[in-house]
Amino acid sequence: MSTPSLSALPIRRLTPRDLTFCADLSEDRGWPREEHKWGLLLSAGTGYGIDDPDGNGLIAAYVVTQYGPQERPGLAAIGMVLVAERHARQGIGRRLMQYAVEAATTVPLTLHATPYGRPLYEQLGFKSIGRAEMVRGRFAPAGPLPDIATRSATAEDLTAILRLDTEVFGHDRTHVITRLPAFTDQLRVAEAGGEIIGYAGAWPNMETHVVGPLVARDTETAKALIASLGARTDRPLRTDIDVRHEELLAWVKESGLEPVAFNAVMAYGISELPGDWTRRFAPLTVAAG
């Protein structure tokens with residue numbers, strides 16, 4: 001019996017039951033397995049993949065996370081675009097991305113592109129609209145800390161966090177934000193005058209804690225939140241910071257976090273992301289926008 005050509009293999013929706021296959025695919029490409037992150041993406045977003053015709057899991061996958069009203073999303077983020085090494089450079093990645101663009105119809109798209117993936121996205125019509133820098137290391141705050149109060153978030157804070165997040169992100173993310181108490185090891189808020197002026201999470205990713213999302217009134221508030229998270233973990237910190245936040249990037253590097261890589265922030269159908277970038281310092285994960 002002949003094996004069907006790769007172009008004929010169907011793209012199907014993934015479910016949380018595909019988590020192990022997705023982690024296997026990450027590992028196949030030399031990425032960490034990141035099962036914890038895959039679990040969030042497959043529950044808060046929608047995964048798509050191509051089954052291996054030989055029955056060995058998946059040969060390709062990606063995830064779309066939509067924001068705004070369910071019936072008419074205002075933005076969708078594409079992430080975790082992966083093709084098994086044995087099937088690389090055979091047009092599967094292009095096919096997946098074309099499928100994603102066509103399925104989105106009129107919904108604007110965004111993604112974080114590595115230098116390796118950026119040429120393909122540009123060929124499909126995505127435009128670079130910014131950059132994020134990944135930093136990682138043992139955190140030891142440089143200099144005195146901002147005099148801004150932070151504390152652990154409580155269930156009663158959720159309404160205020162959602163209100164702030166929607167204002168800053170530009171679209172409702174309730175389906176993602178309400179998962180943070182279970183997804184993060186720490187979820188903290190910053191306060192001033194009884195008002196929540198920022199919040200941040202730290203979630204486990206292999207041997208590190210990833211700081212994200214990081215939403216704050218200003219740079220000093222962002223510093224206070226990072227410092228409060230760093231003081232409560234014995235793991236290295238990792239985060240992806242919008243390069244326009246030059247002061248915060250300089251401070252975290254002085255505090256022990258070293259540059260790892262740059263990703264291009266790209267968009268399709270819009271010229272810039274909605275919301276207020278001046279208060280949006282780091283994403284939950286680049287895979288979810």
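**Close-up views of a predicted model**

**View 1. The surroundings of Asn-263.** Setting aside neighbours within four places in sequence, Asn-263 is in contact with His-112, Ala-113, Thr-114, Gly-130, Arg-131, Ala-132, Asp-240 and Val-286. As in every view here, the model shown is predicted. Asn-263 has its place in strand S12, which covers residues 258–268. Is this residue buried or exposed? With a relative accessible area of 11%, under the 20% cut-off, Asn-263 counts as buried.

**View 2. Helices H1 and H2 side by side.** Here helix H1 (residues 19–28) packs with helix H2 (residues 35–44) at an angle of about 130°, and their axes are 10 Å apart. An angle of about 130° therefore makes H1 oblique to H2. The crossing in which H1 passes H2 is right-handed. To follow the contact, look for Leu-19, Cys-22, Ala-23 and Ser-26 on the H1 side, which meet Glu-35, Trp-38, Gly-39 and Leu-42 in H2. Sorted by class, the residues of this contact between H1 and H2 are five nonpolar, two polar and one charged.

**View 3. Helices H8 and H9 side by side.** This view turns to helix H8 (residues 219–230) and helix H9 (residues 246–254), whose axes lie 10 Å apart and which pack at an angle of about 30°. How do they run relative to each other, roughly parallel or roughly antiparallel? Angles under 35 degrees count as roughly parallel, so H8 and H9 are roughly parallel to each other. H8 passes H9 in a crossing that is right-handed. From H8, the contact draws on Thr-219, Glu-220, Ala-222, Lys-223, Ile-226 and Ala-227, while H9 supplies Glu-247, Leu-248, Trp-251 and Val-252. Of the residues in the contact of H8 with H9, six are nonpolar, one is polar and three are charged.

**View 4. The nonpolar cores.** Which residues have the most contacts inside the largest nonpolar core? They are Ile-78, Phe-126 and Tyr-199, good landmarks to find first in this core of 64 residues. Strand S3 (residues 58–67) provides the largest share of this core, with eight residues. There is also a second core, separate from the largest one and made of 25 residues. Among the residues of this second core are Ala-202, Leu-237, Ile-241 and Ala-282.

Conventions. Residues numbered from 1 in each chain as written. Predicted model: local features only at pLDDT ≥ 70, side-chain atom pairs only at ≥ 80, totals over all residues. Heavy atoms only, no water. Axes fitted to C-alpha atoms, helices over the stretch in contact; angles between N-to-C directions. Helix = DSSP H or I, 4+ residues; strand = E, 2+ residues; numbered from the N terminus. Parallel < 35°, antiparallel > 145°, perpendicular 65-115°, else oblique. Left-handed = near helix turned anticlockwise from the far one by under 90°. Contact = heavy atoms within 4.5 Å. Nonpolar A, V, L, I, M, F, W, Y, C, P; charged D, E, K, R; others polar. Buried < 20%, exposed > 50% of the residue type's maximum accessible area, 1.4 Å probe, protein only. Core = buried A, V, L, I, M, F, W, Y, C linked by side-chain atoms within 4.5 Å.
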